[in-house]
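Work through the exercises below with the sequence and the model open side by side. Try each task before reading its solution.

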Amino acid sequence: MRVVVWIAEQTWEACIDAVATWAADDATVVLVHVTPSDVQGAAHHAFAGMLGRRGTDADPGDTVAHSAAASATGLLDAAEARLGRAAERDIRIGRVEREVVDAADGADLLVVARDGDDARLGPKSLGPHPRFVVDHAPCPVLLVWPGAAPAVGSIPPPPDRPPGKHHGPGHHDPHDREHGHHGRRRPPEPPAPQG
Amino acid sequence: MPQAVAESIAIAALVIVLGVAVVAPPRLPEAVVAVPLGGLLVALRIVSPDDAATEIGRLGPTVGFLAAILALAHLADAEGVFEAAGAFVARRARGQPIRLLGLVFLVASAVTAALSLDATVVLFTPVVFATAASMRLRARPHVYACTHLANSASLLLPISNLTSLLAFGSTGLSFLRFGALMALPWLAVIAVEYAAFRFYFRADLRASHQPADDAGTTRQPVFAVVVVVLSLVGFAVTSAAGVPPVWAATAGAGVIAVRRFASRALTPRRLLESTNPAFCVFVLGLGVVVLGVNDHGLGRLMARLLPDSTALPAMLLTAVIAAVLANLVNNLPATLVVLAAGLGHPALVLAALIGVNVGPNLSYAGSLATLLWRRILRRRGAEPAVGDFLRLGLLTVPAALVVGVLALWVGLSTIGA
């Protein structure tokens with residue numbers, strides 16, 4: 001079993017813990033880290049935009065690229081230490097979401113952490129990169145919360161029905177569960193005044 | 001020589017200078033092209049020797065001032081000021097990305113205002129990346145913040161950006177008055193950038209669940225920080241006393257240099273290199289080339305295009321034209337072209353500075369041509385899509401221009417020019 005784990009700053013611990021919980025002990029674990037290429041690109045561009053400075057000063061994009069390689073290694077060291085066993089490493093630079101999908105090619109499982117709104121369940125809990133990876137993954141995906149998962153009650157109530165369309169007495173709205181049978185029910189709305 | 005021919009040759013010279021900047025051939029710095037082309041325009045009498053001498057005489061002190069600031073920034077770096085700034089933001093951020101972003105905004109804005117955008121791009125940006133990485137936080141928002149603030153936080157003082165230094169003389173304002181009038185636009189533009197960054201990078205700025213490491217202690221370069229602050233005070237004092245403020249910068253750089261010479265940590269050669277002589281000579285060459293372009297038609301065209309009123313719409317139009325020009329041809333020549341049009345009022349010069357200083361955040365690489373060319377080359381293997389840069393630029397630049405000019409207008413109405 002080949003388990004590919006996407007190690008991203010600020011969320012990686014949850015992925016490592018998920019591997020310990022869910023992956024087989026004899027599974028091959030691959031830790032993937034991608035440095036977004038636009039970070040060094042932004043530094044390169046900012047330097048290129050300063051007319052006439054080429055020649056004396058060092059391009060800050062090169063410095064950033066150099067320290068990116070070192071910091072990726074450091075992060076994967078920490079991840080491997082937390083995992084507690086040897087793992088393969090895949091260090092990349094590029095478009096994060098596409099590199100992760102590419103790294104998951106041929107894997108039996110891809111472990112991904114959510115990185116958006118962690119206050120409630122819902123689509124906003126996935127930032128653009130995990131969203132792309134989940135949508136395009138070429139293998140099964142284990143999607144984990146970086147912290148404790150929010151309660152089911154954090155899902156917002158369904159939108160109000162248009163006025164005038166009352167539902168029958170036998171109807172039970174599953175989303176009203178948390179109010180219980182004795183909870184206050186919304187009174188039927190009066191018909192909209194005409195004219 | 002007919003005007004049209006002279007103008008065509010001068011424009012061709014400017015296009016070659018900018019083309020070299022765009023293509024960036026290795027081992028061919030811009031100065032090696034700009035200076036001979038400036039000389040050619042003089043030899044062809046497209047720029048008269050007298051005018052060229054006047055222009056160089058006018059730009060000379062400005063370029064000298066810039067050299068002193070660049071030396072001061074590099075000496076402060078050698079003394080560990082930027083490293084200490086990185087340790088300071090790491091300590092105060094306590095492992096949280098949003099706190100780190102706020103602190104990076106604070107320090108990058110201060111560095112840009114006090115030591116010029118060169119210091120932020122060349123010296124502070126790599127420190128910010130290393131700091132975020134050592135905290136195991138995503139570096140993207142913080143590195144982008146540096147690249148953006150190098151432009152948009154360079155509004156405050158004449159020394160913050162070469163564009164402002166070039167325009168300072170035409171404003172007729174004192175150093176302090178310039179700073180007082182630009183303080184509000186500076187703050188307003190930084191606030192717009194901050195709001196946009198919080199929105200645009202919200203996924204990257206999500207709270208971290210890892211415990212904050214104790215960022216160890218680093219040496220505190222008190223001496224260098226005090227010298228930099230005293231130099232800033234010196235700019236204001238010398239300016240008020242009618243002494244060229246270049247002396248304050250030179251004295252500041254000199255004090256640190258003497259200390260480092262004494263400990264044999266600095267050689268005269270290193271000190272000279274830190275003033276970026278090639279860049280200084282380039283600015284003089286570019287000045288002569290742009291003079292040729294302006295004198296034979298473009299100056300008159302710009303004078304017709306640019307408004308001549310200090311009403312708010314005129315200031316906005318000036319800022320927008322300056323910003324568009326800055327994205328077409330890079331903001332240095334854009335500044336020289338706009339200034340040659342003879343903006344009639346300090347309000348318009350300051351509005352134009354908001355345009356040329358904030359505008360480049362749209363295209364990052366100095367001009368759209370550079371951005372597209374670098375994209376075509378893809379020399380770095382995985383160059384990011386142009387759209388990534390343009391989206392953030394579109395989110396910040398138009399709003400920052402409008403808010404910045406509004407703030408300038410409020411400042412002018414309150415304290416007057």
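Buried area is the accessible area (1.4 Å probe) that two parts lose on being put together, summed over both. This is a predicted model, in which local features need pLDDT of at least 70 and side-chain atom pairs count only at pLDDT 80 or more, while totals for chains, interfaces and linings use all residues. Residues are numbered from 1 along each chain as its sequence is written, chains are lettered from A in the order in which they are written, and side-chain values use heavy atoms, without hydrogens or water.

**Exercise 1. The interface**

Task: state how much area chain B and chain A bury between them, and which residues of chain B supply the most.

Solution. Start with the total. Chain B and chain A bury about 4,300 Å² between them. Carbon and sulfur atoms carry 58% of that area. Next, take the chain B side. B:Arg136, B:Arg138 and B:Arg206 supply 16% of the area that chain B buries against chain A, more than any other three residues. Last, count residues. Contact means heavy atoms within 4.5 Å. By that cut-off, 55 residues of chain B are in contact with 49 residues of chain A.

**Exercise 2. A helix pair across the interface**

Task: find how the axes of α2(A) and α5(B) cross, and name the residues that make the contact.

Solution. Fix the terms. Helices (H or I, at least four residues) and strands (E, at least two) are DSSP runs, numbered from the N terminus. Axes are lines fitted to C-alpha atoms, for helices over the stretch in contact, and angles run from 0 to 180 degrees between N-to-C directions. Now read the geometry. Helix α2 of chain A spans residues 37-48, and helix α5 of chain B spans residues 97-134. Their axes come within 11 Å and cross at roughly 170°. Angles under 35 degrees count as roughly parallel, over 145 as roughly antiparallel, 65 to 115 as roughly perpendicular and the rest as oblique. So α2(A) is roughly antiparallel to α5(B). On the α2(A) side, the contact uses A:Val39, A:Ala43, A:Ala46 and A:Phe47. On the α5(B) side, it uses B:Val121, B:Val122, B:Thr125 and B:Phe129. Sort them by class: seven are nonpolar, one is polar and none is charged. Here Ala, Val, Leu, Ile, Met, Phe, Trp, Tyr, Cys and Pro count as nonpolar, Asp, Glu, Lys and Arg as charged, and the others, Gly among them, as polar.

**Exercise 3. A helix pair within chain B**

Task: locate B:Thr163, decide whether it is buried or exposed, and describe the packing of α7(B) with α15(B).

Solution. B:Thr163 lies in helix α7 (residues 162-171) of chain B. Buried means under 20% relative accessible area, exposed over 50%, partly exposed in between (1.4 Å probe, protein chains only). B:Thr163 has 0%, so it is buried. Beyond residues up to four places away in sequence, B:Thr163 touches B:Asn331, B:Leu332, B:Thr335, B:Leu353, B:Val356 and B:Asn357. Now the pair. α7(B) and helix α15 (residues 346-358) of chain B pack at an angle of about 175°, with axes 10 Å apart. The two are therefore roughly antiparallel. From α7(B), the contact takes in B:Thr163, B:Ser164, B:Ala167, B:Ser170 and B:Thr171. From α15(B) come B:Pro346, B:Val349, B:Leu350, B:Leu353, B:Val356 and B:Asn357. The tally is six nonpolar, five polar and no charged residues.

**Exercise 4. Positive phi outside glycine**

Task: place B:Arg94 and B:Asn276, and say whether each is buried or exposed.

Solution. B:Arg94 has a phi near 45°, a positive value in a residue other than glycine. B:Arg94 sits in the loop between α4 and α5 of chain B. At 54% relative accessibility, B:Arg94 is exposed. B:Asn276 is not a glycine either, and its phi is about 50°. B:Asn276 sits in the loop between α11 (268-274) and α12 (277-305) of chain B. With a relative accessible area of 1%, B:Asn276 is buried.

**Exercise 5. Chain A in outline**

Task: give the order of elements in chain A and the share of buried residues.

Solution. Chain A has five helices and five strands. From the N terminus they run β-α-β-α-α-β-α-β-α-β. Of the 195 residues in chain A, 45% are buried.
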